[in-house]
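Here are a few exercises to work through with the model open in your viewer. Try each task before you read its solution.

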Amino acid sequence: MKEMLIILFTAILVENYVLMKFLAICSFLGVSKKLDAAVGMSAAVIFVMLMATAATWPIFHYILDPLKLGYMQTVIFILVIAALVQLVEMILKKFMPPLYRALGVFLPLITTNCAILGVVVLNITKSYTFAQSMVNSLGAGLGYLLAMVLFSGVRSRVDTADVPECFKGIPITLVAASIMSVSFMGFTGLVENMFK
Amino acid sequence: MKAVKEFVVPAAVLTAICLVVSAALAGTYQLTEPVIEAAKRAEADASRVVVLPGGADFKEVTVSGVENIVEAYEAGNGAGYVITGKAKGYGGDLQVMAGIDKDGKIAGVKLMDNNETQGIGSKTGEDAYTSQYKGKDSTLEGVTAVSGATISSKAFQSAVTSIFQAYGSLAGVEVAAPEAEDYKTVVFPDVTEFTEVALDGAKAAYKAGDAGYVIVIEAAGGWEHAAGPMEIYVGVANNGKIAGVAVGENHEAPPSPETAVVLKQDYLSSYIGKTSPDDVDNVSGATQTSRGIKKGVRTAMELAPALIGDTTPQVDLTVAEDGSASAVIGAVRVEIDATGKVAGVFAADETADLASVAPEEVKEAMDNALAAYNASKGA
Amino acid sequence: MNKLKILVNGIIKENPVLVLVLGTCPALAVTNSTINGVGMGLAATFVLICSNVVISLLKKVIPDKVRIPCYIVVIAGFVTVVQLMMQAYMKSLYDALGIFLSLIVVNCVILGRAEMFANKNSVFDSFLDGVGMGIGFTLALFLMGALREIFGAGTFCNIPIPGLSSQPIAILAQAPGGFFVYGFIIAMLNKVSHGKAVKRKTFDCESCPSHAGCSGALKGGCGR
């Protein structure tokens, strides 16, 4: 249990996939303008991350690894994720229209969201068990949500701030992200001591 | 026809592309695999050469019958062995890789996977600590712990000891275990001969020559987060007094320098000469550990009479007709007058001088004589 | 002349990282040292050139409906080739780039060029485009990596720089420094070109070149 909590909080805070690991920067910067869009995107990411982990972990450990096809990992995983996103989209559309309306618009973006591929590959590289992988993916997703929600708040201020002309738009957004990343650096070493 | 165009063709094309890509990758893999394996081996060998300079062509070997060994490699060129062992450190298992040359001496050690506290236990990974292992044989004589990181250092050393055992079984040589610090001699420094005696309630007990007994108590860890009990060595002199206290194996992690102090003789020597731990002060900042030691000492002192017998001093009391009395206790003769007051103190041996007797002993003799006199009056 | 234009386009006018602000993940993540930045750039260039050529060759064969999955499979295939090669011949770089090597698959520069250029143009043009874009990507990563290494670690390609190596601004080589240096470079480009150089003005989906690929589903998604 302790180990699971450590993995969870490490993924959320210490190794935040967005701010410390630089995954999913495109969507982090692209969709964090409005809070509701940020939350919707994050919910879709968490959902797909968990699904993708649940699908790729058994594929790797029960098919690819025994057959010594580990090198096919990247190709198989991205295909699985793409197929999964399609499938989820169709199922949601058909059986859960309210959820589809909430998440559907974000789903096509997610295939190329590197946090998804990143987290499933990392679960394999770190040789996590299935349960650990699921917890790590949940943590990665929650960390993404946290970063998105916090940053959407920051951006609503930054966009109206009076900054030098050359810093307007993209540069100041990146500098703001940098400062947020500094604050996440403060979590280093926290998690191991939290569950002593 | 439309259905074919809409569904079958796209699916067929995608499948075809997948197949071609898979085939191409399989080909690439076949070509690169031997090189990758070689590169991996070279990299792993490179890390082994760090601890065993001159080693090459490492082959994995299995070690049987030795615990706490992660992996072991033999250098194909006969330079020696590289063995990775583990031990429980402060933050979980820590792994140590050591190279042992063909003479059975350490060629190098390296701290591997570990979760030791950054800046404290992690110092066992630094050159200042690891370099002292170089050239040592299995006794590891002269290796000193990183101050403030005793637990990590001990774990490191224990991993190296396991490595030597593995080396012994691999190379087929007898390996001397490092001499554990003998806490019995810490509490009775002048005694060389200890014979084990049975004592219920103690972990072990030894008769320390003619000086007294050593009682070893396994007391609960004092520190609330201690991972295990602590071993307390209490030396009891024949007169029933504490001759010395030492703390053996323990898990009192020292997050504060105070805890480290409590475990050392500077503090523990304050027990010497006492009969109970009650008037020894706790060290502030390490109260829990201080209390833990006290508890252990108290248990030992409760058990001590079973070994040394009743230590109520033998008083040779002669009461005269007039009610005055004379008592000989050890080297002191105490004269008591009829009113029950001390009339004089002399050396028991007529020819000796009282000044040669320690003042404490004189005072004690007086007290004991009076106690015996009063007891005889009461009776 | 036209061919030269295609080649140079990616290096300067439409530099993927500095002008179009794409491929931000690797640009931030692996540029903590010059060598890593250039290594990543070259790996991505290889994949970009190969995928551009193959996709251009197959543009008549691939049905529109499954084009994105087809592109992804082709790209993933080349990424795996790069991974295997690096593992075999450049083990230390492979370890340094780690997971970001796999993530070239979802690098929007590569998918973007497949979608925007390779499936509309001739094989040779696509090749040139891949070379140009690749060089542009590599140069940008080199610039970021060099700046972060020089000021963050006081070294350049692991060679200590006198005066700087004793007083490095360590945070520049860490995560926050990535965002900061990137933002700073773009701000400086804005400054010297009076706001004309950087094509992408804000972060939203409309300004994303691979926007066309997902716009249908995204109407009202990003922009709202």
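Two strands count as paired if DSSP finds at least two bridges between them. Keep in mind that this is a predicted model.

**Exercise 1.** Find the partner of B:Ile232 in E10(B), then work outwards to the sheet around it.

*Solution.* Start with the residue: B:Ile232 sits opposite B:Val247 of E10(B). Next, look at the two strands. E9 (residues 230-237) of chain B and E10(B) run antiparallel and share five bridges. Now zoom out to the sheet: five strands of chain B, ordered E6-E7-E8-E9-E10, make an open sheet with antiparallel pairing. At its edges you'll find E6 (194-197) and E10 (242-247) of chain B, each pairing on one side only. On average, neighbouring strands here are turned by 25° against each other, ignoring direction.

Last step: which helix packs on this sheet? That's H7 (residues 287-303) of chain B, which touches E8 (212-219), E9 and E10 of chain B. The direction of H7 makes about 135° with that of E8(B).

**Exercise 2.** Describe the sheet that holds E1 to E5 of chain B, and say why one side of E1 and of E5 has no neighbour in the sheet.

*Solution.* First, the strand order: E1-E2-E3-E4-E5 of chain B, an open sheet with antiparallel pairing. Then the edges: E1 (58-61) and E5 (106-111) of chain B each have a single partner strand, so one side of each is left without a neighbour in the sheet. The average turn between neighbouring strands of this sheet is 25°, direction ignored.

Now pick one pair inside the sheet. E3 (residues 80-89) and E4 (residues 92-101) of chain B run antiparallel and are joined by 10 bridges. For one of the bridge partners, take B:Gly80, which is matched with B:Asp101 in E4(B).

Finally, add the helix. H3 (residues 150-171) of chain B lies across E1, E2 (69-75), E3, E4 and E5 of chain B, at about 140° to E3(B).

**Exercise 3.** Which element gives the largest share of the side of chain C that touches chain A?

*Solution.* Begin with the counts: 49 residues of chain C are in contact with 44 residues of chain A. Then list the elements of chain C that give two or more residues to this side: helices H2 (24-29), H4 (67-89), H6 (99-102), H7 (108-118), H9 (175-192) and H10 (211-218). The largest share, 12 residues, comes from H9(C). To finish, sort the chain C side by class: 32 nonpolar, 12 polar and five charged residues.

Notes
Residues numbered from 1 in each chain as written. Chains lettered and ligands numbered in written order. Predicted model: local features only at pLDDT ≥ 70, side-chain atom pairs only at ≥ 80, totals over all residues. Helix = DSSP H or I, 4+ residues; strand = E, 2+ residues; numbered from the N terminus. Axes fitted to C-alpha atoms, helices over the stretch in contact; angles between N-to-C directions. Contact = placed C-beta atoms within 7 Å. Nonpolar A, V, L, I, M, F, W, Y, C, P; charged D, E, K, R; others polar.
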